[in-house]
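Me: Please walk me through this model. I would like to start with the nucleic acid and then turn to the protein chains.

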There are 2 protein chains.
Amino acid sequence: MLIVSPRRSVAEARQTRSDILASGVRLASAEGLEGLTIGRLATELGMSKSGVLGHFGSKEELQLAVVDAAADIFTREVADKARGVAPGLPKLLAMCRAWVSYLERRVFPGGCFFTAAASEFDDRPGRVRNAIAGLTTVWNRDLYRQTRTAMAAGDLPPETDADQLVFEISGVILALNNATQLHRDTTAPTHARRALTRLIGYPITAITLLLSLRAA
Amino acid sequence: MLIVSPRRSVAEARQTRSDILASGVRLASAEGLEGLTIGRLATELGMSKSGVLGHFGSKEELQLAVVDAAADIFTREVADKARGVAPGLPKLLAMCRAWVSYLERRVFPGGCFFTAAASEFDDRPGRVRNAIAGLTTVWNRDLYRQTRTAMAAGDLPPETDADQLVFEISGVILALNNATQLHRDTTAPTHARRALTRLIGYPITAITLLLSLRAA
DNA sequence: CCTACCGATCGGTAGG
DNA sequence: CCTACCGATCGGTAGG
């Protein structure tokens with residue numbers, strides 16, 4: 001019994017898929033997940049539309065794959081930067097620092113991929129919306145956990161309202177993204193660091209982070 | 001010399017235009033300013049596409065008119081609610097109160113119209129982007145002005161960084177919008193009021209507003 | 001304000 | 001992974 005052999009090797013196909021996703025993340029970051037059309041992607045990659053679509057099956061699957069690829073980038077840029085840091089306050093500070101840096105460096109040219117995606121899909125029930133909501137919930141939960149650990153360790157006041165703190169941190173992040181993208185406001189990272197420092201009670205600069213590490 | 005008479009009277013045409021904009025604001029709030037297509041608008045209104053387009057000339061003009069119509073609603077919901085209030089701290093409190101209420105009541109079903117529009121257009125240079133950026137700049141400037149007035153009156157500490165305060169207020173607003181729309185988080189308005197109260201140093205509840213008024 | 005169009009592009013399929 | 005399609009919809013125009 002013969003199996004029809006693919007025109008490209010498995011390794012080549014995987015590379016193509018990863019190329020498509022890299023272009024897709026960039027395109028979706030600038031134009032939105034709906035503005036990411038199969039035709040534009042194909043043109044940009046010098047492929048046929050069906051060649052692109054064949055890797056995913058439908059536009060929704062393509063969107064889900066692009067969201068996953070963007071999440072990998074975010075994880076590499078933020079969570080991984082705090083991976084070796086002691087849980088609690090040091091890790092909370094490191095995450096905030098990396099988050100601000102991720103927005104300051106404009107890792108996604110269109111600003112935070114997930115803020116844009118959330119705003120685009122928060123009114124459209126479906127798998128894409130669920131994926132975005134799920135990811136941001138996980139990241140917020142991580143902030144919450146580090147806050148509770150910091151409280152337990154006595155590094156944050158015991159009367160801290162952890163949910164409230166996470167809400168306010170998310171606000172600073174959103175304000176930074178908004179000011180950077182819409183107003184091209186270059187003072188925004190400074191405002192964001194100042195706000196976070198006041199919220200958490202410790203400067204979020206690198207030096208303090210090192211001191212926290214040494215103390216841990 | 002004859003002028004070709006329109007099929008509808010001027011008053012009727014104006015009413016039609018206003019009907020189109022009302023539908024347009026609702027559609028754009030849910031689907032985005034790009035998802036607002038002339039065909040869908042026509043179907044929803046029981047009109048022909050060219051009948052809709054004739055009122056605006058092009059899709060971009062339609063988008064600009066919809067942004068203006070949404071700005072009128074925002075002004076009615078927020079700025080007008082603080083119109084009679086004394087400048088400075090009382091007005092700042094009243095504006096924040098109205099802003100939270102506007103998001104809590106979900107005046108636009110898709111969440112803050114301008115947050116969504118900003119996220120959609122922050123990467124697309126053009127008149128629509130300029131209109132959105134201009135409006136949010138005006139509203140932020142109003143917050144800034146009231147902050148300065150409150151400082152001059154001694155109602156806020158003289159060392160207050162007004163730009164920083166406006167940045168942080170905008171973050172609370174954005175976090176409230178995000179939590180409400182993406183996570184359907186009903187505790188968000190409480191978090192937002194608590195954050196604003198702490199930022200400004202006075203409760204933003206109605207009773208305090210009345211007391212501030214009496215004291216003024 | 002309508003009908004009747006236009007070329008372009010959309011997501012997706014058949015078949016190889 | 002390609003060519004060659006499909007019906008639907010896009011923004012917009014001509015002409016009345």
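**DNA contacts and the chain interface**

Me: What percentage of the atoms of DNA strand C within 4 Å of the protein belong to sugar or phosphate?
Reply: This is a predicted model. The atoms of DNA strand C within 4 Å of the protein divide between bases and sugar or phosphate. The sugar or phosphate share is 52%.

Me: Which residue has a polar side-chain atom 2.5 Å from a phosphate oxygen of DNA strand C?
Reply: Thr16(B) has a polar side-chain atom 3.0 Å from a phosphate oxygen of the strand. For Thr37(A) the distance is 2.7 Å. The 2.5 Å distance belongs to Ser48(B).

Me: How many charged residues does the surface near DNA strand C have?
Reply: There are 18 residues around the strand, and Lys59(A) and His55(B) are among those that come nearest. By class, three are nonpolar and nine are polar. The charged residues number six.

Me: How many salt bridges cross the interface of chain A and chain B?
Reply: Each chain gives 42 residues to the contact. The buried area is about 3,100 Å², with 51% from carbon and sulfur atoms. One of the salt bridges joins Asp161(A) to Arg194(B), with the closest N and O atoms 3.1 Å apart. The rule finds four.

Me: Which element supplies the largest share of the side of chain A that touches chain B?
Reply: Between the chains, 16 residue pairs are in polar contact. On chain A, helices that each supply at least two residues include α1 (10-31), α7 (127-152) and α9 (188-200). The largest share, 15 residues, comes from α8(A).

Conventions. Residues numbered from 1 in each chain as written. Chains lettered and ligands numbered in written order. Predicted model: local features only at pLDDT ≥ 70, side-chain atom pairs only at ≥ 80, totals over all residues. Heavy atoms only, no water. Near = heavy atom within 4 Å. Polar contact = N/O pair within 3.5 Å; in protein donor to acceptor, adjacent residues only side chain to side chain. Nonpolar A, V, L, I, M, F, W, Y, C, P; charged D, E, K, R; others polar. Contact = heavy atoms within 4.5 Å. Buried area = accessible area lost by both parts, 1.4 Å probe. Salt bridge = Lys/Arg side-chain N within 4 Å of Asp/Glu carboxyl O. Helix = DSSP H or I, 4+ residues; strand = E, 2+ residues; numbered from the N terminus.
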